[in-house]
Amino acid sequence: MKRFAHVEKLDALDPLRHLRNNDVDVDIVPAQPPSIINQTTQLVFPTSRLDLKNSHHAEADMRTPEDIVINLSVDASPGCGGIAWPAGEVLSRYLARRGSLRGRVALELGSGTGLVGLVAGILGADVWITDQAPLLPIMTSNVALNGLSSRVRIAELNWGTPLPADLPAPDLVLAADCVYFEPAFPLLVGTLAELVPKEGKDVEVLFCYKKRRKADKRFFTLLKKEFTWTEVTDDPDHAVYSREAISLLRLTRRR
Ligand SMILES: C[S@@+](CC[C@H](N)C(=O)[O-])C[C@H]1O[C@@H](n2cnc3c(N)ncnc32)[C@H](O)[C@@H]1O
């Protein structure tokens with residue numbers, strides 16, 4: 001009981017500490033935030049045309065013209081979303097493998113750097129990447145850096161607030177590494193529910209999540225009121241990221 005009170009106190013002081021700490025519910029010394037300021041990194045995601053299993057080439061030779069290459073400006077100073085988080089990389093990799101999104105309208109929640117949405121844009125979707133105001137500049141520069149201004153748009157969207165009128169109704173909703181701050185749990189569930197109406201066209205929701213703390217299950221208790229979900233298992237990397245406590249879920253709205 002005493003330990004629980006201690007954990008709650010640390011959470012109140014620093015809600016993001018679990019994101020910087022891979023040890024679930026271990027808090028001897030609060031981890032330091034990564035000192036990443038205004039750097040550019042490159043991430044490569046193989047598409048389905050690259051059969052890695054049959055490749056005998058060294059890693060450096062594996063890149064093919066079909067790979068999706070994202071140049072990403074990263075900067076932790078506007079908030080935790082300014083760097084690429086593991087669940088975002090897993091979701092990006094899954095989308096790249098799965099192939100074309102031509103004709104789809106995708107909306108990403110809590111985009112941070114915009115990584116997942118940028119991959120969706122390269123795959124041909126019309127994309128809206130969204131986050132809170134401090135992240136919009138880094139999202140804007142990443143869209144420009146990857147030459148995707150015609151296909152990937154940026155909008156401020158705070159969970160739990162009404163959807164901006166100019167956002168289209170998406171048929172694909174993406175979210176990665178968005179479960180970490182308990183006061184935001186009902187807000188995120190509310191926005192997901194608003195994006196996926198009970199009636200009307202089907203909306204695919206891909207929700208990638210890394211379990212870091214026991215309190216995360218409170219998010220799923222709330223989510224259960226509005227959605228059911230299944231784990232995506234048609235991903236060859238599934239066994240690898242499962243070991244890192246990452247799950248890729250497909251959510252379905254309760255009707
Ligand atoms: C851990 S980061 C993940 C970023 C990115 N999806 C990734 O995987 O790299 C969580 C993101 O959720 C955003 N976020 C947190 N609370 C939010 C809220 N209430 N409304 C909108 N976005 C929020 C943060 O700004 C941050 O960009």
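This is a dialogue on how to read some features of a predicted model.

Me: What does the secondary structure of the chain come to?
Reply: The model is predicted, and its chain has 7 helices and 9 strands. Of the 255 residues of the chain, 35% count as buried. Among contacts between residues at least 6 apart in sequence, 70% join residues at least 24 apart.

Me: What is the order of the strands in the open sheet?
Reply: The open sheet has 7 strands in the order β5-β4-β3-β6-β7-β9-β8, and the pairing is mixed. Strands β5 (152–156) and β8 (227–231) stand at the edges with a single partner strand each, so one side of each has no neighbour in the sheet. On average, neighbouring strands of this sheet are turned by 25° against each other, direction ignored.

Me: In which sense does β6 pair with β3, and over how many bridges?
Reply: Strand β3 (residues 105–109) and β6 pair in the parallel sense over 4 bridges. One residue pair to look at is Leu-107, whose bridge partner in β6 is Val-173. Strand β6 also runs parallel to β7, joined to it by 5 bridges. Val-173 stands opposite Val-205 in β7, and Ala-176 has Cys-208 of β7 as its bridge partner.

Me: Which strand does β7 pair with in the antiparallel sense?
Reply: Strand β7 (residues 204–210) pairs in that antiparallel sense with β9 (residues 246–253), over 6 bridges. Cys-208 stands opposite Leu-248 in β9. Cys-208 is thus a residue to follow across the sheet, being also the bridge partner of Ala-176.

Me: How should I read the side chains along a strand, and how many residues of β6 are buried?
Reply: As a general idea, side chains in a regular strand alternate between the two faces of the sheet. In this structure, 4 of the 5 residues of β6 (residues 172–176) are buried, so this strand is largely enclosed by the rest of the structure. Strand β7 is mostly covered, with 6 of its 7 residues buried.

Me: Where does helix α4 lie with respect to the sheet strands?
Reply: Helix α4 (residues 136–145) lies across β4 (126–131) and β5, and it runs at about 175° to β5.

Me: How is a pair of packed helices described?
Reply: Two packed helices are described by the angle between their axes and the distance between the axes. Take α2 (residues 86–98) and α3 (residues 115–122): their axes come within 9 Å and cross at roughly 10°. Angles under 35 degrees count as roughly parallel, and α2 and α3 are therefore roughly parallel to each other.

Me: Which residues make the contact of α2 with α3?
Reply: On the α2 side they are Gly-88, Leu-91, Ser-92, Leu-95 and Ala-96, and on the α3 side Leu-115, Val-116, Val-119 and Ala-120. By class, this contact has 7 nonpolar, 2 polar and no charged residues.

Me: How many residues of α3 are buried?
Reply: Helix α3 is mostly covered, with 8 of its 8 residues buried. They include Gly-117, Leu-118, Gly-121 and Ile-122. Just after α3, Gly-124 takes a positive phi of about 110°.

Me: Why does Ala-96 count as buried?
Reply: A residue is buried if 20 or more other C-beta atoms lie within 10 Å of its own. Ala-96 lies in helix α2 and counts as buried because it has 22 C-beta neighbours inside 10 Å. Leaving aside neighbours within four places in sequence, Ala-96 is in contact with Phe-45, Pro-46, Thr-47, Ile-68 and Val-119. Ala-96 and Ile-122 are 26 residues apart in sequence and 9.0 Å apart in space, C-alpha to C-alpha.

Me: Is Phe-219 buried or exposed?
Reply: Phe-219, found in helix α6 (residues 216–226), is buried, with 20 other C-beta atoms within 10 Å. Not counting residues up to four places away in sequence, Phe-219 touches Val-179 and Phe-185. Its C-alpha is 9.0 Å from that of Leu-188, and the two residues are 31 apart in sequence.

Me: Which residues come nearest to the ligand?
Reply: There are 23 residues around the ligand, of which Gly-81, Trp-85, Gly-88, Gly-110 and Gly-112 come nearest. The shell divides into 12 nonpolar, 9 polar and 2 charged residues. Gly-88 is also one of the α2 residues in the contact with α3.

Key
Residues numbered from 1 in each chain as written. Predicted model: local features only at pLDDT ≥ 70, side-chain atom pairs only at ≥ 80, totals over all residues. Near = placed C-beta within 6 Å. Nonpolar A, V, L, I, M, F, W, Y, C, P; charged D, E, K, R; others polar. Helix = DSSP H or I, 4+ residues; strand = E, 2+ residues; numbered from the N terminus. Buried ≥ 20, exposed ≤ 12 C-beta atoms within 10 Å, placed from the backbone. Contact = placed C-beta atoms within 7 Å. Pairing = 2+ DSSP bridges. Axes fitted to C-alpha atoms, helices over the stretch in contact; angles between N-to-C directions. Parallel < 35°, antiparallel > 145°, perpendicular 65-115°, else oblique.
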